[in-house]
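Student: Please give me a close look at one part of this structure, the surroundings of the ligand, and then connect that part to the rest of the chain. I would like each term explained with its cut-offs where it comes up.

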Amino acid sequence: MTLPKTYKNYIDGEWVVSACGETFENLNPANRDELIGLFQRSGPQDVNAAVAAAQRAYKAWKNTPPPKRGEVFYRAAALLQERKEDLAEAMTREMGKVLEETRGDVQEAIDMTFYMAGEGRRLFGQTTTSELPNKFCMTVRGPLGVCGLITPWNFPMAIPSWKIMPALICGNTAVLKPATDTPLSAHNLVQALEEAGLPRGVVNLMTGTGSEVGSPLLQHSDVRAVSFTGSTEIGRAVSQACAPAFKHCCLEMGGKNVIMVLDDANLELAIEGALWGGFGTTGQRCTAASRVVVQKGVYKDFLERFVERARALKVGNGLDPAVQVGPLINEAQRRTVESYVEIGKNEGAQLLCGGQRLAGGEYDKGWFYAPTIFGDCDAAMRIAQEEIFGPVVSVIPCNDLDHAMEIGNGIAYGLSSSLYTRNVNNAFTAMREMETGIFYVNAPTIGAETHLPFGGTKQTGNGHREAATAALDFYSEWKSIYVDYSDKLQRAQIDT
Ligand code: UN1
């Protein structure tokens, strides 16, 4: 028997144990007998050490030319590329989603790292005119300082990369606290940056719980900006904790995303999209298509075929190439799913498939749940309003596009939405009317690319976007610079 590997925190360029010396277990959600490793149980003392290291590293990093910062990223991205298969396998073991998807998660981190490496040679500002003669005006981006980054378990490498890379390319330093369910992928990402030559202290990693690490991190007086991805409830607490010191905070929270299917849609394509959007990542995406609104003319046909295809999905260990749907992340998440299925039944929705844990054989070792569809839902039902974060899709009938959009927009969230139609007028109307940060035509609600802004309206976010150049807007502040070469006092607005 080999002893499980113990992973350490990364503080000031060293891999170190936590102050209390205790660890916690990272288990495989598809097989809880498999221990992925032991991770440091960190606390406020470790937070202080990490923030101090990031603060010390800040000045030199801030003044490192951004193209040089980018060179580190090019090397890190190449390392991630070389290791993609191993990193994906490690991620499937700790998170559960199928290998094809964990390869995608690692690829998303590679894409983001290359993308932000290139930003090192752009970080464009503006040069503009002046209202006064012999005066030159321009804007440049400047960093904020130490950033506290708190990431979820559903995209264990991609989401940390969405935050670390734009933060660092802008000249900030960072302290990352990944989810306790998936610390290994964050560890692997940070290790690639270390091997690529990132100077000590520029990125720091600490594992542990939200209350013992996350909370002291975002409250630390030297942390200037906080980026958080997770539930709306915790996001609200993050926002409140940041408010007294006016810390910038970027919140990426819940979703209750909709696929709308009109009578004129390519129905087979819409069914495939609803399966991938609803049950991909076992429904554990903030972009998951947990609602499908279908026009009456194709409703019956759609529902029958959707249910038949969902029943045929193969659920199991994500390392098996035949498996399409992995387990849920943990028992608490499975209980949440179960409680929503009960709510749905009590609300009078029609349970058409799934609705139970999977048991027997290998299923007994993991947190498996059958893909579940509720039909004939009313848009006001809780299962059609609240984020479940599991393999549960609510199908709602509608009369026409206006009705579909009314249902689609009739929720507290605004992350992603989609319309299946072959009619260009319908497509453009929905593009204009849907109140979501992301909109798809003839594609499901998942599948955002790294060079487009990612985020949502209403209770999904607080007005910021991740990814793309939009991320630079969060991780930098504008400095407006006026250079007067007239050799005399010129007064704006007065010397007209
Ligand atoms: C998330 O669910 O938190 O568009 C992120 C997508 C992925 C990212 C999802 N590229 O579904």
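Tutor: I will begin with the ligand and then turn to salt bridges, the surface, backbone angles and distances.

The model is predicted, so local features need a pLDDT of at least 70 and side-chain atom pairs count only at pLDDT 80 or more, whereas totals for chains, interfaces and linings use all residues. Residues are numbered from 1 along each chain as its sequence is written, and side-chain values use heavy atoms, with hydrogens and water left out.

The ligand is surrounded by Glu108, Asn154, Phe155, Ile159, Trp162, Arg285, Cys286, Thr287, Ile446, Gly447, Ala448 and Phe454, where a residue belongs to this shell if one of its heavy atoms lies within 4 Å of the ligand. Sorted by class, the shell holds 7 nonpolar, 3 polar and 2 charged residues; in this sorting Ala, Val, Leu, Ile, Met, Phe, Trp, Tyr, Cys and Pro count as nonpolar, Asp, Glu, Lys and Arg as charged, and the others, Gly among them, as polar. Three polar contacts can be described atom by atom, the term standing for a pair of N or O atoms within 3.5 Å, with the added rule that within protein one atom must be able to donate a hydrogen and the other to accept it, and residues adjacent in sequence count only if both atoms are side-chain atoms. Glu108 places a polar side-chain atom 3.2 Å from a nitrogen atom of the ligand, and Arg285 places one 2.7 Å from an oxygen atom of the ligand. Ala448 takes part through its backbone, with a polar atom 2.6 Å from an oxygen atom of the ligand. On its own the ligand has 320 Å² of accessible area, and the protein covers 98% of it; such areas come from the Shrake-Rupley method with a 1.4 Å probe, and for residues only the protein chains shown count as cover.

Beyond the ligand, the structure holds 29 salt bridges, each being a side-chain nitrogen of Lys or Arg within 4 Å of a carboxyl oxygen of Asp or Glu. One of them joins the side chains of Arg41 and Glu212, at 2.6 Å from N to O. Because Arg41 sits in the loop between strand E4 (31-40) and helix H1 (44-62) while Glu212 belongs to helix H7 (residues 210-219), this pair ties together parts that are 171 residues apart in sequence; helices (H or I, at least four residues) and strands (E, at least two) are DSSP runs, numbered from the N terminus. Arg41 is partly exposed at a relative accessible area of 32%, and Glu212 is partly exposed at 25%, where buried means under 20% relative accessible area, exposed over 50%, and partly exposed in between (1.4 Å probe, protein chains only).

Another bridge joins Glu268 to Arg305, with the closest N and O atoms 2.9 Å apart. This pair links distant parts of the chain, Glu268 in helix H9 (residues 267-279) and Arg305 in helix H10 (residues 296-311), 37 residues apart. Asp105 and Lys97 also form a salt bridge, with their closest N and O atoms 2.8 Å apart, and both of these residues are buried. Salt bridges also link Glu331, Arg334, Arg335, Glu338 and Arg357 in a network.

On the surface, Val424, Phe428, Met431 and Val441 form a nonpolar patch with about 360 Å² of accessible area together. Patches are made of residues with over 30% relative accessible area and no salt bridge, like charges being joined within 9 Å and nonpolar side chains (Val, Leu, Ile, Met, Phe, Trp, Tyr) within 5 Å. Helix H13 (residues 424-433) supplies the largest share of the patch, 3 residues, whereas Val441 lies in strand E19 (residues 438-441) and is partly exposed, with a relative accessible area of 33%.

Two backbone angles deserve a mention. Most residues other than glycine have a negative phi. Asn134, however, has a positive phi near 50°, in the loop between strand E5 (127-128) and strand E6 (135-142). Ala467 has a positive phi near 65° and is found in the loop between strand E20 (457-458) and helix H14 (470-475); it is buried, at 2% relative accessibility.

Finally, two distances give a sense of scale. The C-alpha atoms of Arg382 and Ala470, 88 residues apart along the chain, are separated by 33 Å, and those of Leu419 and Leu123, 296 residues apart, by 35 Å.
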